[in-house]
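Trainee: I am new to this structure and would be grateful for a close look at a single part of it. Please begin with one pair of residues and then work outward to whatever can be described around that pair.

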Amino acid sequence: MIFLKTDEEVELLRESNRLLAMTLAEVAKVIAPGVTTKQLDSLAYEYIKDNGGEPSCLGYEGYPATLCISVNEQVVHGIPSDKVVLKEGDIVSVDSCVKLNGFHSDSAYTFPVGEVSPEVMTLLKTTKECLYLGIEQAVAGKRVGDISYAIEHHAAQVGFSVTHDFVGHGIGREMHEDPEIPNFGRRGNGVVLKDGMVIAIEPMVLMGRRNTIIENDGWTARTADRKPAAHYELSVCVRRGKADILSTFDYIKEVLGEKFI
């Protein structure tokens, strides 16, 4: 079932997304070679709790952490660990959800660790472009397939693929609501977008083939060909004429400055 949000609920969702955006910015401050992904997770947990929120991912279907941290060929749902130490040239996707005032937020950002190769930088930039092209289609009267097509088409133009195994989704009082928002599809197909629908749009773009494998921990998804993957995500409210973006990368931009992609 799809739940349309009232204006009051949208503002509560905006507050939740603001806390998550600030959390990701706190994480951005310490991403560097030598840092473990467990350190990033602990920082995020404390920041969310100190600011009145709850980490939605922690305990969700048994997931053991606040953040999903996926490095290089890992696509999504990587589990933070003391054994995973970031190094120069890595890329690290940080994905998380926060519950505040009864509503969940969801956002993800892929960070370069130090200097990365030009090919990997193109992957990051393309994935973020896919996100905003998808958001442009999140307008009342269009269909889910319009979002999906915009994402997949742009990635394909650069020679990249999108995963078919993981999708965006509605969000609100539950972390995952209807409808699903695939990163692949045909224009004019799928659920009609209506004013007040709140959705998390999250392109996961792969440098190689779209096939993924779940690692032995039961959570971490990586590319089958072990080529890099990137992931960016924002929560938006469908409106007439133009989507209302409830999340923001602005706090990350303040932290990264000239290094912001």
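Mentor: Arg-14 and Glu-11 both belong to helix α1, where they stand 3 residues apart, a separation of about one helical turn. Helices here are DSSP runs of H or I with at least four residues, strands are runs of E with at least two, and both are numbered from the N terminus. The model is a predicted one, so local features require a pLDDT of at least 70 and side-chain atom pairs a pLDDT of 80 or more, whereas totals for chains, interfaces and linings use all residues. Residues are numbered from 1 along each chain as its sequence is written, and side-chain values rest on heavy atoms, with hydrogens and water left out.

The two residues form a salt bridge, their closest N and O atoms being 3.1 Å apart. The term denotes a side-chain nitrogen of Lys or Arg within 4 Å of a carboxyl oxygen of Asp or Glu. Arg-14 is partly exposed, at 24% relative accessibility, and Glu-11 is also partly exposed, at 40%. On this scale, buried is under 20% relative accessible area, exposed is over 50%, and partly exposed lies in between, calculated with a 1.4 Å probe on protein chains only.

The whole structure holds 12 salt bridges. One of them joins Arg-239 to Asp-7, with an N to O distance of 3.2 Å. Asp-7 is in helix α1 and Arg-239 is in the loop between β14 (234–237) and β15 (244–245), so this pair ties together parts that are 232 residues apart in sequence. The partners differ in their surroundings: Arg-239 is buried, with a relative accessible area of 17%, whereas Asp-7 is exposed at 51%.

Arg-239 also meets Asp-195 in a salt bridge of 2.8 Å, N to O. Asp-195 sits in the loop between β8 (177–181) and β9 (198–201), and therefore its pairing with the β14–β15 loop connects parts that are 44 residues apart in sequence. Asp-195 itself is partly exposed, at 24%. Through shared partners, salt bridges unite Asp-7, Asp-195, Arg-239 and Arg-240 in one network.

Another acidic residue offers a contrast. Asp-106, located in strand β5 (residues 103–112), is buried but takes part in no salt bridge, and the nearest side chain of opposite charge, that of Lys-5, is 12 Å away. For this purpose Lys and Arg count as positive and Asp and Glu as negative, while His and the chain ends are not counted. What does join the side chain of Asp-106 to that of His-169? The answer is a polar contact of 3.0 Å. Such a contact is a pair of N or O atoms within 3.5 Å; within protein, one must be able to donate a hydrogen and the other to accept it, and residues adjacent in sequence count only if both atoms are side-chain atoms.

His-169 lies in strand β7 (residues 168–170) and is buried, at 5% relative accessible area. Beyond four places in sequence, its contacts (heavy atoms within 4.5 Å) include Asp-106, Met-175, His-176, Ile-199, Ala-200 and Glu-233.

Glu-233 is also among the residues touched by Ile-201, as are Leu-131, Ile-135, Tyr-232 and Val-236, again not counting residues up to four places away. Ile-201 belongs to the largest nonpolar core, which has 52 residues; Ile-31, Val-92 and Ile-201 touch the most other members. A nonpolar core is a set of buried Ala, Val, Leu, Ile, Met, Phe, Trp, Tyr and Cys residues joined through side-chain atoms within 4.5 Å. In soluble globular proteins, nonpolar side chains tend to be buried together.

Helix α1 (7–30) is followed by a loop that leads to α2 (37–50), and Ala-32 is found in this loop. Ala-32 is partly exposed, at 27%, and, leaving aside neighbours within four places, is in contact with Leu-86 and Val-113.

Finally, the count of disulfides, meaning pairs of cysteine sulfur atoms within 2.5 Å, is 0. For Cys-57, the closest cysteine sulfur is that of Cys-97, which at 4.2 Å is too far for a bond. Both residues are nevertheless buried, Cys-57 at 8% and Cys-97 at 3%.
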